[in-house]
Amino acid sequence: MDRFAHYAWPFFDGRHALLSREAEAWARESLGHAHGDDADAICRRLVQDLGCAGYLRHCVTETPDVRSIALLREVLAYHAGLADFAFVMQGLGSGPIALAGSDLLKKKYLGKAAAGDAIAAFALSEPDAGSDVQAIATTAKKQGSGWALDGTKTWISNGGIADFYVVFARAQEGITAFVVDAGEVDASKRIEIVAPHPMATLELKGARGTLLGEPGQGFKLAMRNLDIFRTTVAAAALGFARRALHESIERAKSRRMFGQSLSDFQMTQAKLADMATGVEAGALLAYKSAWVKDVKKERVTRDAAMAKLFATEAAQQVVDDAVQICGGLGVMRGHPVERLYREVRALRIYEGATEVQKLIIAKDLLKS
(Lines give C-alpha, C1' and ligand atoms only; values in the text may rest on other atoms or scores of the structure.)
Protein backbone atom coordinates (compact mmCIF):
# COMPACT_ATOMS: atom_id res chain seq x y z
CA MET A 1 0.00 0.00 0.00
CA ASP A 2 1.69 3.20 -1.22
CA ARG A 3 1.20 5.80 1.47
CA PHE A 4 2.05 8.56 -1.01
CA ALA A 5 -0.22 7.52 -3.89
CA HIS A 6 -2.74 10.27 -3.13
CA TYR A 7 -0.16 12.97 -3.87
CA ALA A 8 -0.60 12.04 -7.53
CA TRP A 9 -4.21 13.24 -7.33
CA PRO A 10 -5.17 16.30 -9.43
CA PHE A 11 -5.30 18.39 -6.25
CA PHE A 12 -1.49 18.47 -6.16
CA ASP A 13 1.46 19.72 -8.19
CA GLY A 14 4.71 17.82 -8.62
CA ARG A 15 6.34 19.91 -5.91
CA HIS A 16 3.91 18.54 -3.35
CA ALA A 17 4.84 14.92 -4.03
CA LEU A 18 8.52 15.87 -3.79
CA LEU A 19 7.95 17.73 -0.52
CA SER A 20 6.09 14.78 0.99
CA ARG A 21 8.88 12.33 0.20
CA GLU A 22 11.58 14.69 1.45
CA ALA A 23 9.64 15.21 4.68
CA GLU A 24 9.11 11.46 5.05
CA ALA A 25 12.85 10.79 4.78
CA TRP A 26 13.61 13.57 7.27
CA ALA A 27 10.96 12.35 9.73
CA ARG A 28 12.26 8.77 9.66
CA GLU A 29 15.76 10.00 10.42
CA SER A 30 15.03 12.84 12.84
CA LEU A 31 12.00 12.07 15.01
CA GLY A 32 13.26 9.23 17.16
CA HIS A 33 13.43 11.64 20.11
CA ALA A 34 9.90 12.96 19.64
CA HIS A 35 8.21 10.62 22.13
CA GLY A 36 8.34 11.01 25.90
CA ASP A 37 6.84 12.70 28.91
CA ASP A 38 8.92 15.92 28.91
CA ALA A 39 6.76 17.65 26.33
CA ASP A 40 8.30 21.08 26.97
CA ALA A 41 11.85 19.99 26.19
CA ILE A 42 10.79 17.83 23.24
CA CYS A 43 8.74 20.66 21.72
CA ARG A 44 11.53 23.18 22.07
CA ARG A 45 13.89 20.86 20.24
CA LEU A 46 11.29 19.99 17.60
CA VAL A 47 10.69 23.66 16.81
CA GLN A 48 14.42 24.19 16.38
CA ASP A 49 14.82 21.05 14.27
CA LEU A 50 11.83 21.90 12.05
CA GLY A 51 13.17 25.41 11.62
CA CYS A 52 16.67 24.23 10.71
CA ALA A 53 15.22 21.74 8.21
CA GLY A 54 13.25 24.55 6.55
CA TYR A 55 9.79 23.13 7.15
CA LEU A 56 8.48 25.94 9.36
CA ARG A 57 8.69 28.39 6.46
CA HIS A 58 5.71 26.56 4.94
CA CYS A 59 3.42 27.56 7.83
CA VAL A 60 5.10 30.79 8.97
CA THR A 61 4.57 32.84 5.84
CA GLU A 62 2.53 35.64 4.32
CA THR A 63 1.64 33.40 1.38
CA PRO A 64 0.58 30.04 2.87
CA ASP A 65 0.05 27.06 0.60
CA VAL A 66 -2.53 25.03 2.50
CA ARG A 67 -1.74 21.84 0.58
CA SER A 68 1.90 22.01 1.69
CA ILE A 69 0.96 22.64 5.31
CA ALA A 70 -1.57 19.81 5.20
CA LEU A 71 0.71 17.19 3.67
CA LEU A 72 3.50 18.10 6.10
CA ARG A 73 1.07 17.66 8.98
CA GLU A 74 0.04 14.27 7.61
CA VAL A 75 3.66 13.10 7.34
CA LEU A 76 4.65 14.43 10.76
CA ALA A 77 1.55 13.04 12.50
CA TYR A 78 2.26 9.61 11.00
CA HIS A 79 5.60 9.56 12.84
CA ALA A 80 5.04 11.64 15.98
CA GLY A 81 2.03 13.59 17.20
CA LEU A 82 4.21 16.09 19.05
CA ALA A 83 6.12 16.89 15.84
CA ASP A 84 2.84 17.75 14.13
CA PHE A 85 1.86 19.86 17.16
CA ALA A 86 5.16 21.78 17.18
CA PHE A 87 4.93 22.43 13.45
CA VAL A 88 1.37 23.69 13.25
CA MET A 89 1.48 25.83 16.39
CA GLN A 90 4.23 27.93 14.83
CA GLY A 91 1.85 28.65 11.97
CA LEU A 92 -1.29 29.12 14.03
CA GLY A 93 0.50 31.38 16.52
CA SER A 94 2.21 33.55 13.90
CA GLY A 95 -0.58 33.47 11.30
CA PRO A 96 -2.40 36.60 12.50
CA ILE A 97 0.86 38.56 12.32
CA ALA A 98 1.42 37.36 8.76
CA LEU A 99 -2.16 38.27 7.84
CA ALA A 100 -2.52 41.67 9.50
CA GLY A 101 0.72 42.71 11.18
CA SER A 102 2.62 45.88 10.44
CA ASP A 103 5.97 45.65 8.69
CA LEU A 104 7.62 46.19 12.08
CA LEU A 105 5.72 43.31 13.71
CA LYS A 106 6.42 40.99 10.78
CA LYS A 107 10.11 41.80 10.90
CA LYS A 108 10.27 41.33 14.66
CA TYR A 109 8.47 37.97 14.91
CA LEU A 110 8.04 36.07 11.65
CA GLY A 111 11.69 35.49 10.79
CA LYS A 112 12.47 34.08 14.22
CA ALA A 113 9.35 31.90 14.22
CA ALA A 114 10.18 30.48 10.77
CA ALA A 115 13.77 29.75 11.84
CA GLY A 116 12.63 28.00 15.02
CA ASP A 117 14.30 30.64 17.18
CA ALA A 118 11.05 31.87 18.77
CA ILE A 119 8.03 29.81 19.80
CA ALA A 120 4.57 31.17 18.93
CA ALA A 121 1.19 30.70 20.61
CA PHE A 122 -2.43 31.55 19.76
CA ALA A 123 -4.43 32.72 22.79
CA LEU A 124 -8.13 32.80 21.97
CA SER A 125 -9.95 30.47 24.39
CA GLU A 126 -11.09 31.45 27.89
CA PRO A 127 -12.79 29.56 30.73
CA ASP A 128 -16.20 30.68 29.38
CA ALA A 129 -15.27 31.35 25.77
CA GLY A 130 -14.18 28.38 23.68
CA SER A 131 -16.33 27.70 20.66
CA ASP A 132 -18.28 30.88 21.48
CA VAL A 133 -15.58 33.42 20.64
CA GLN A 134 -17.99 36.32 21.10
CA ALA A 135 -18.04 35.55 24.84
CA ILE A 136 -14.43 36.71 25.30
CA ALA A 137 -14.10 38.65 28.57
CA THR A 138 -10.40 39.60 28.54
CA THR A 139 -10.21 43.38 28.24
CA ALA A 140 -7.81 45.70 26.47
CA LYS A 141 -7.53 49.39 27.32
CA LYS A 142 -5.47 52.09 25.64
CA GLN A 143 -2.61 53.12 27.89
CA GLY A 144 -0.37 55.87 26.57
CA SER A 145 1.08 54.72 23.26
CA GLY A 146 0.27 51.06 24.00
CA TRP A 147 -2.40 48.78 25.40
CA ALA A 148 -2.95 47.05 28.75
CA LEU A 149 -4.65 43.62 28.80
CA ASP A 150 -6.43 42.04 31.75
CA GLY A 151 -8.04 38.61 31.88
CA THR A 152 -7.57 34.86 31.75
CA LYS A 153 -6.86 32.65 28.75
CA THR A 154 -6.93 28.87 29.01
CA TRP A 155 -6.26 25.73 26.98
CA ILE A 156 -3.41 27.65 25.34
CA SER A 157 -1.10 25.36 23.38
CA ASN A 158 2.59 26.22 23.87
CA GLY A 159 1.55 28.03 27.03
CA GLY A 160 4.58 28.19 29.28
CA ILE A 161 7.18 27.73 26.53
CA ALA A 162 6.10 30.36 24.00
CA ASP A 163 8.19 33.47 23.41
CA PHE A 164 5.17 35.46 22.24
CA TYR A 165 1.39 35.14 22.21
CA VAL A 166 -1.23 36.48 19.81
CA VAL A 167 -3.96 37.41 22.30
CA PHE A 168 -7.57 38.31 21.52
CA ALA A 169 -9.23 40.74 23.91
CA ARG A 170 -12.27 43.00 24.08
CA ALA A 171 -11.47 46.65 23.42
CA GLN A 172 -13.96 49.52 23.20
CA GLU A 173 -14.24 48.87 19.45
CA GLY A 174 -14.86 45.13 19.89
CA ILE A 175 -12.69 42.03 19.85
CA THR A 176 -9.14 43.04 18.94
CA ALA A 177 -5.86 41.18 18.43
CA PHE A 178 -2.58 41.95 20.16
CA VAL A 179 0.94 40.57 20.29
CA VAL A 180 2.09 40.01 23.86
CA ASP A 181 5.62 38.94 24.76
CA ALA A 182 6.00 36.03 27.18
CA GLY A 183 7.46 38.23 29.92
CA GLU A 184 4.12 40.02 30.24
CA VAL A 185 2.17 36.83 30.94
CA ASP A 186 1.88 34.49 33.93
CA ALA A 187 1.80 31.01 32.38
CA SER A 188 2.75 29.09 35.51
CA LYS A 189 -0.57 27.23 35.74
CA ARG A 190 0.07 24.29 33.47
CA ILE A 191 -2.59 21.91 32.11
CA GLU A 192 -1.99 18.16 31.76
CA ILE A 193 -3.94 16.42 29.02
CA VAL A 194 -4.22 12.83 27.82
CA ALA A 195 -1.37 13.20 25.29
CA PRO A 196 1.55 15.25 26.66
CA HIS A 197 1.52 18.71 25.08
CA PRO A 198 2.78 22.05 26.43
CA MET A 199 -0.40 23.77 27.58
CA ALA A 200 -1.27 26.39 30.17
CA THR A 201 -3.73 28.88 31.57
CA LEU A 202 -2.52 32.45 31.08
CA GLU A 203 -3.11 35.28 33.53
CA LEU A 204 -2.84 38.79 32.13
CA LYS A 205 -2.71 41.61 34.66
CA GLY A 206 -1.96 44.88 32.96
CA ALA A 207 0.02 42.99 30.32
CA ARG A 208 1.47 45.28 27.69
CA GLY A 209 0.30 44.37 24.21
CA THR A 210 1.03 45.67 20.72
CA LEU A 211 -2.01 46.23 18.52
CA LEU A 212 -2.29 43.72 15.68
CA GLY A 213 -4.44 44.88 12.79
CA GLU A 214 -7.33 47.26 13.35
CA PRO A 215 -9.24 47.68 16.64
CA GLY A 216 -12.48 45.71 16.57
CA GLN A 217 -11.34 43.42 13.74
CA GLY A 218 -9.94 40.63 15.92
CA PHE A 219 -12.81 38.20 15.41
CA LYS A 220 -12.50 38.38 11.63
CA LEU A 221 -8.73 37.98 11.90
CA ALA A 222 -9.06 34.90 14.12
CA MET A 223 -11.53 33.32 11.69
CA ARG A 224 -9.28 34.09 8.69
CA ASN A 225 -6.42 32.38 10.49
CA LEU A 226 -8.53 29.35 11.39
CA ASP A 227 -9.82 29.20 7.81
CA ILE A 228 -6.25 28.42 6.74
CA PHE A 229 -5.41 25.89 9.43
CA ARG A 230 -8.72 24.09 10.06
CA THR A 231 -8.35 22.04 6.87
CA THR A 232 -4.92 20.90 8.03
CA VAL A 233 -6.41 19.39 11.22
CA ALA A 234 -8.04 16.87 8.90
CA ALA A 235 -4.64 16.12 7.38
CA ALA A 236 -3.12 15.49 10.81
CA ALA A 237 -5.99 13.12 11.53
CA LEU A 238 -5.12 11.30 8.28
CA GLY A 239 -1.54 10.91 9.46
CA PHE A 240 -2.70 9.28 12.68
CA ALA A 241 -5.19 7.08 10.83
CA ARG A 242 -2.71 5.92 8.20
CA ARG A 243 -0.23 4.92 10.91
CA ALA A 244 -2.98 3.06 12.78
CA LEU A 245 -3.98 1.24 9.58
CA HIS A 246 -0.35 0.30 8.88
CA GLU A 247 0.13 -1.09 12.39
CA SER A 248 -3.15 -3.00 12.09
CA ILE A 249 -2.21 -4.62 8.80
CA GLU A 250 1.20 -5.66 10.11
CA ARG A 251 -0.29 -7.09 13.29
CA ALA A 252 -3.09 -8.88 11.45
CA LYS A 253 -0.62 -10.60 9.10
CA SER A 254 1.80 -11.64 11.84
CA ARG A 255 -0.58 -12.68 14.65
CA ARG A 256 -1.30 -16.42 14.63
CA MET A 257 -4.44 -17.77 16.25
CA PHE A 258 -6.52 -20.93 15.81
CA GLY A 259 -4.13 -22.22 13.19
CA GLN A 260 -4.25 -19.22 10.90
CA SER A 261 -3.30 -15.55 10.83
CA LEU A 262 -5.60 -12.88 12.22
CA SER A 263 -5.83 -11.44 8.70
CA ASP A 264 -7.46 -14.65 7.45
CA PHE A 265 -10.61 -13.96 9.44
CA GLN A 266 -13.36 -12.20 7.50
CA MET A 267 -14.20 -10.02 10.50
CA THR A 268 -10.65 -8.66 10.46
CA GLN A 269 -10.79 -8.11 6.71
CA ALA A 270 -14.08 -6.23 7.04
CA LYS A 271 -12.61 -3.99 9.72
CA LEU A 272 -9.52 -3.23 7.64
CA ALA A 273 -11.74 -2.42 4.64
CA ASP A 274 -13.77 0.05 6.69
CA MET A 275 -10.60 1.65 8.04
CA ALA A 276 -9.05 2.10 4.60
CA THR A 277 -12.27 3.53 3.18
CA GLY A 278 -12.54 6.06 5.99
CA VAL A 279 -8.95 7.18 5.42
CA GLU A 280 -9.40 7.65 1.67
CA ALA A 281 -12.70 9.51 2.04
CA GLY A 282 -11.15 11.82 4.63
CA ALA A 283 -8.20 12.49 2.33
CA LEU A 284 -10.49 13.47 -0.54
CA LEU A 285 -12.36 15.97 1.64
CA ALA A 286 -9.19 17.40 3.19
CA TYR A 287 -7.21 17.92 0.03
CA LYS A 288 -10.19 19.13 -1.97
CA SER A 289 -10.64 21.85 0.67
CA ALA A 290 -6.94 22.74 0.52
CA TRP A 291 -7.07 22.88 -3.29
CA VAL A 292 -10.08 25.20 -3.28
CA LYS A 293 -8.24 27.54 -0.88
CA ASP A 294 -4.96 27.51 -2.81
CA VAL A 295 -6.08 27.33 -6.43
CA LYS A 296 -9.62 28.68 -6.56
CA LYS A 297 -8.79 31.33 -3.93
CA GLU A 298 -12.24 30.89 -2.43
CA ARG A 299 -13.46 30.80 1.14
CA VAL A 300 -13.51 27.25 2.44
CA THR A 301 -15.57 27.63 5.60
CA ARG A 302 -17.94 24.80 4.65
CA ASP A 303 -15.28 22.65 2.94
CA ALA A 304 -12.88 22.93 5.86
CA ALA A 305 -15.64 22.15 8.36
CA MET A 306 -16.65 19.04 6.39
CA ALA A 307 -13.04 17.90 6.11
CA LYS A 308 -12.32 18.38 9.81
CA LEU A 309 -15.60 16.81 10.87
CA PHE A 310 -15.27 13.68 8.75
CA ALA A 311 -11.51 13.10 8.95
CA THR A 312 -11.24 13.49 12.72
CA GLU A 313 -14.26 11.28 13.41
CA ALA A 314 -12.99 8.67 10.95
CA ALA A 315 -9.50 8.77 12.45
CA GLN A 316 -10.91 8.21 15.93
CA GLN A 317 -12.73 5.10 14.66
CA VAL A 318 -9.70 3.84 12.73
CA VAL A 319 -7.44 4.17 15.77
CA ASP A 320 -10.01 2.49 18.00
CA ASP A 321 -10.25 -0.39 15.52
CA ALA A 322 -6.44 -0.60 15.49
CA VAL A 323 -6.41 -1.01 19.26
CA GLN A 324 -8.92 -3.83 18.90
CA ILE A 325 -6.89 -5.60 16.22
CA CYS A 326 -3.65 -5.23 18.18
CA GLY A 327 -5.31 -6.53 21.35
CA GLY A 328 -3.15 -6.25 24.45
CA LEU A 329 -0.36 -4.55 22.52
CA GLY A 330 -2.80 -1.79 21.61
CA VAL A 331 -3.07 -0.64 25.20
CA MET A 332 0.55 -1.23 26.20
CA ARG A 333 2.20 2.04 27.21
CA GLY A 334 4.55 3.24 24.47
CA HIS A 335 3.19 1.07 21.66
CA PRO A 336 2.49 3.19 18.52
CA VAL A 337 -1.22 2.36 18.61
CA GLU A 338 -1.50 3.25 22.31
CA ARG A 339 0.13 6.61 21.59
CA LEU A 340 -2.25 7.18 18.69
CA TYR A 341 -5.22 6.39 20.92
CA ARG A 342 -4.21 9.23 23.25
CA GLU A 343 -3.16 11.64 20.52
CA VAL A 344 -6.14 11.41 18.18
CA ARG A 345 -8.87 12.28 20.68
CA ALA A 346 -8.17 15.99 20.97
CA LEU A 347 -8.56 16.54 17.22
CA ARG A 348 -12.33 16.20 17.53
CA ILE A 349 -12.35 19.16 19.93
CA TYR A 350 -9.75 21.80 19.10
CA GLU A 351 -10.27 24.43 16.37
CA GLY A 352 -13.99 23.82 16.68
CA ALA A 353 -15.51 20.64 18.07
CA THR A 354 -17.35 18.18 15.83
CA GLU A 355 -20.70 19.60 16.94
CA VAL A 356 -19.58 23.12 16.02
CA GLN A 357 -18.50 21.95 12.57
CA LYS A 358 -22.00 20.55 12.00
CA LEU A 359 -23.50 23.93 12.89
CA ILE A 360 -21.10 25.69 10.51
CA ILE A 361 -21.99 23.32 7.67
CA ALA A 362 -25.74 23.59 8.26
CA LYS A 363 -25.72 27.39 8.52
CA ASP A 364 -23.73 27.68 5.31
CA LEU A 365 -26.13 25.33 3.53
CA LEU A 366 -29.18 27.26 4.72
CA LYS A 367 -27.61 30.61 3.86
CA SER A 368 -26.81 29.54 0.31
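Trainee: Quick one to start: is phenylalanine 168 buried or exposed?

Mentor: Phenylalanine 168 counts as buried, with 0% relative accessibility. Buried here means under 20% relative accessible area, exposed means over 50%, and partly exposed is in between, using a 1.4 Å probe and protein chains only.

Trainee: And what about phenylalanine 122, buried or exposed?

Mentor: Phenylalanine 122 is buried as well, at 9% relative accessibility.

Trainee: Before I go on, what kind of model is this?

Mentor: It's a predicted model, where local features need pLDDT of at least 70, side-chain atom pairs count only at pLDDT 80 or more, and totals for chains, interfaces and linings use all residues. Residues are numbered from 1 along each chain as its sequence is written, and side-chain values use heavy atoms, with hydrogens and water left out.

Trainee: OK, the big picture then. How many helices and strands are there?

Mentor: The protein has ten helices and nine strands. Those are DSSP runs numbered from the N terminus: H or I over at least four residues for a helix, E over at least two for a strand.

Trainee: Why do you call the protein as compact as a globular protein of that length?

Mentor: Its radius of gyration is 21 Å, close to the 21 Å that the globule rule gives for 368 residues, so the protein is as compact as a globular protein of that length. The radius is taken over C-alpha atoms, and the rule is 2.2 Å times the number of residues to the power 0.38.

Trainee: How much of the protein is buried?

Mentor: 56% of the 368 residues count as buried.

Trainee: Switching to rings: how many aromatic pairs turn up?

Mentor: A search of the whole structure gives ten aromatic pairs. Rings of Phe, Tyr and Trp (its six-membered ring) pair if their centres lie within 6.5 Å; planes under 30 degrees apart are stacked, over 60 edge-to-face, and the rest tilted. Take tryptophan 26 and tyrosine 55: their ring centres are 5.4 Å apart with planes at 65°, so that pair is edge-to-face.

Trainee: Where do tryptophan 26 and tyrosine 55 sit?

Mentor: Tryptophan 26 is in helix α1 (residues 14–30) and tyrosine 55 in the loop between α2 (39–53) and α3 (66–79), so the pair ties together parts that are 29 residues apart in sequence. Tryptophan 26 is buried at 17% relative accessible area, and tyrosine 55 is buried at 9%.

Trainee: Back to the two phenylalanines, 122 and 168: how are their planes set?

Mentor: The planes are at 65° and the ring centres 5.3 Å apart, so phenylalanine 122 and phenylalanine 168 make an edge-to-face pair. Phenylalanine 122 is in strand β1 (residues 120–123) and phenylalanine 168 in strand β4 (residues 164–171), so to speak distant parts of the chain, 46 residues apart.

Trainee: Which residues form a ring cluster?

Mentor: Phe4, Tyr7, Phe12 and Tyr287 are linked into a cluster by ring pairs.
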